[in-house]
Amino acid sequence: MSEKITLSVIKADVGGYVGHSSIHPNLMDVAREKLSRAKEKGPLIDFHVTSVGDDLELIMIHRKGVDSEEIHRLAWDTFVAATGEAKRLKLYGAGQDLLSDAFSGNVKGMGPGVAEMEFMERKSEPVIVFMADKTSPGAWNLPLYKIFADPFNTAGLVIDPVMHRGFRFEILDVMEHKSLTLSCPEELYDLLMFIGAKGRFLVRRVFRKDGEISAAASTQKLSLIAGRYVGKDDPVLIVRCQSGLPAVGEVLEPFTFPHVVEGWMRGSHRGPLMPVSFRDANPSRFDGPPRVIAAGFQIADGHLIGPRDLFDDPAFDRARKISNEVADYLRAHGPFEPHRLGLDELEYTTMPEIMKKLEDRFKRE
Ligand code: F6R
Ligand code: MG
Ligand code: MG
């Protein structure tokens, strides 16, 4: 066992209440019960169960490292148990993110989303877990860029002597299954060329120049995993804060700009990412708009002190107001792009059938 602790955030949609808008409290109870047992007997040191929209979120601390079979199995078994309850209540899409019937050592590629990091707990260890619904992992690219590379967002990049050296971004090409690490500020323009294309290049991890891990995001894309549409790849993100890392307020600041992300209705539309408090994390208008919550914790000897509901602050009211205005504006486009995604990005489509039906009526021009 290492001295380091591991923070694992593993999530899945195992049934919606009502439709895809929220989660039934029974599913959270089932998950808490399962994880309580794992805390009593090991391997967990501590955990917190929460939700955003229709996603069940397991936040766990242990000493087993990232990609631990034992922890992934625990998460998988918890989702299977919650699915049982979802089926009993005939909740919507019960078990939708569990793509396989049998666990094979790691939940990656099996449906659930995973963000994990292992580190030495500092004298004081503030972390933020961001969890979003009705969007996809590319939603973190813009905020991560602002947090770790934009001096107009993060004052520490200019005036904190440790942060002034910059950060390294590990990016994943989800199409080619390759990764690349770029060092900022030196390679800032190269970085932006990639991560501006947030459907393909995802920021997976961010490191300080001394190697300290600073952020880890889930990069699973359900549609690519299953080769067909099987539900949204709603993402999670862990960011460590303070003492030579971005301050809590610097990490939250990018969310004052509700940037446009992919997801929303039928995973096939663009909409603003609205920062909301825990109580408002139930997307209902046109199954959205996409939204994000921020759970703040202090970690003390592997225990999660919290969470604090960090978007429960009137300072984010303006972002919410802008989100509603942008939502109205985009909704007014109805089935037209750019509200609706391009033909290649749609997660629901009738195009092949329509094409087939009208094949003979096309005239060569
Ligand atoms: C988006 C989402 C929902 C559903 C929509 C249709 O991530 O989960 O918008 O796509 O409610 O759902 P079905 O096809 O299950 O009726
Ligand atoms: Mg759902
Ligand atoms: Mg969801």
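Biologist: In this predicted model, is D54 buried or exposed?

Modeller: The relative accessible area of D54 in the predicted model is 2%. The cut-off for a buried residue is under 20%. Because 2% falls under that cut-off, D54 is buried.

Biologist: Which ion lies 4.7 Å from the magnesium ion (ligand 3), with D54 as the bridge?

Modeller: D54 is a donor to the magnesium ion (ligand 3) through OD. D54 also bridges to a second ion, 4.7 Å from the magnesium ion (ligand 3). That partner is the magnesium ion (ligand 2).

Biologist: How many residues apart are D54 and D133, and which elements hold them?

Modeller: D54 sits in the loop between strand 2 (46-52) and strand 3 (55-62), whereas D133 belongs to strand 5 (residues 125-133). The pair thus links distant parts of the chain. Their separation is 79 residues.

Biologist: What is the relative accessible area of D133?

Modeller: D133 coordinates the magnesium ion (ligand 3) through OD. D133 is classed as buried, for which the cut-off is under 20%. Its relative accessible area is 0%.

Biologist: Which residues coordinate the magnesium ion (ligand 3)?

Modeller: The donor spacing in sequence is D-D-x77-D-x100-D. Each donor atom is an OD, at 2.0 to 2.8 Å from the ion. The residues are D54, D55, D133 and D234.

Biologist: Which element gives the largest share of the lining of the largest pocket?

Modeller: The largest pocket holds about 630 Å³ of space. Of its 30 lining residues, the closest to the centre are K108, R204, A217, T219 and Q220. Elements that give two or more residues to this lining include strand 8 (201-208), strand 9 (213-217) and helix 6 (222-226). The largest share, 6 residues, comes from strand 4.

Biologist: How many residues in the lining of the largest pocket are charged?

Modeller: The lining divides into three classes, with 14 nonpolar and 5 polar residues among them. The charged residues number 11.

Biologist: What volume of space lies in the second largest cavity?

Modeller: T135, S136, G138, A139, K198, V261 and E262 line this cavity. They divide into 2 nonpolar, 3 polar and 2 charged residues. The space in the second largest cavity is about 40 Å³.

Biologist: Which residue in the turn between strand 14 and strand 15 has a positive phi?

Modeller: Strand 14 (residues 291-300) and strand 15 (residues 303-309) run antiparallel and are joined by 5 bridges. One of the bridge partnerships is that of G296 with R308. The two strands form a hairpin with 2 residues between them. The residue with a positive phi, about 50 degrees, is D301.

Conventions:
Residues numbered from 1 in each chain as written. Chains lettered and ligands numbered in written order. Predicted model: local features only at pLDDT ≥ 70, side-chain atom pairs only at ≥ 80, totals over all residues. Heavy atoms only, no water. Donors = N, O, S within 2.8 Å, 3.2 Å for Na, K, Ca; no water. Helix = DSSP H or I, 4+ residues; strand = E, 2+ residues; numbered from the N terminus. Buried < 20%, exposed > 50% of the residue type's maximum accessible area, 1.4 Å probe, protein only. Pairing = 2+ DSSP bridges. 1 Å grid on protein atoms, 1.4 Å probe; cavity = no way out; pocket = protein on both sides within 12 Å on 5 of 7 lines; lining within 4 Å. Points joined across faces, edges and corners; volume = space filled by probe spheres on them. Nonpolar A, V, L, I, M, F, W, Y, C, P; charged D, E, K, R; others polar.
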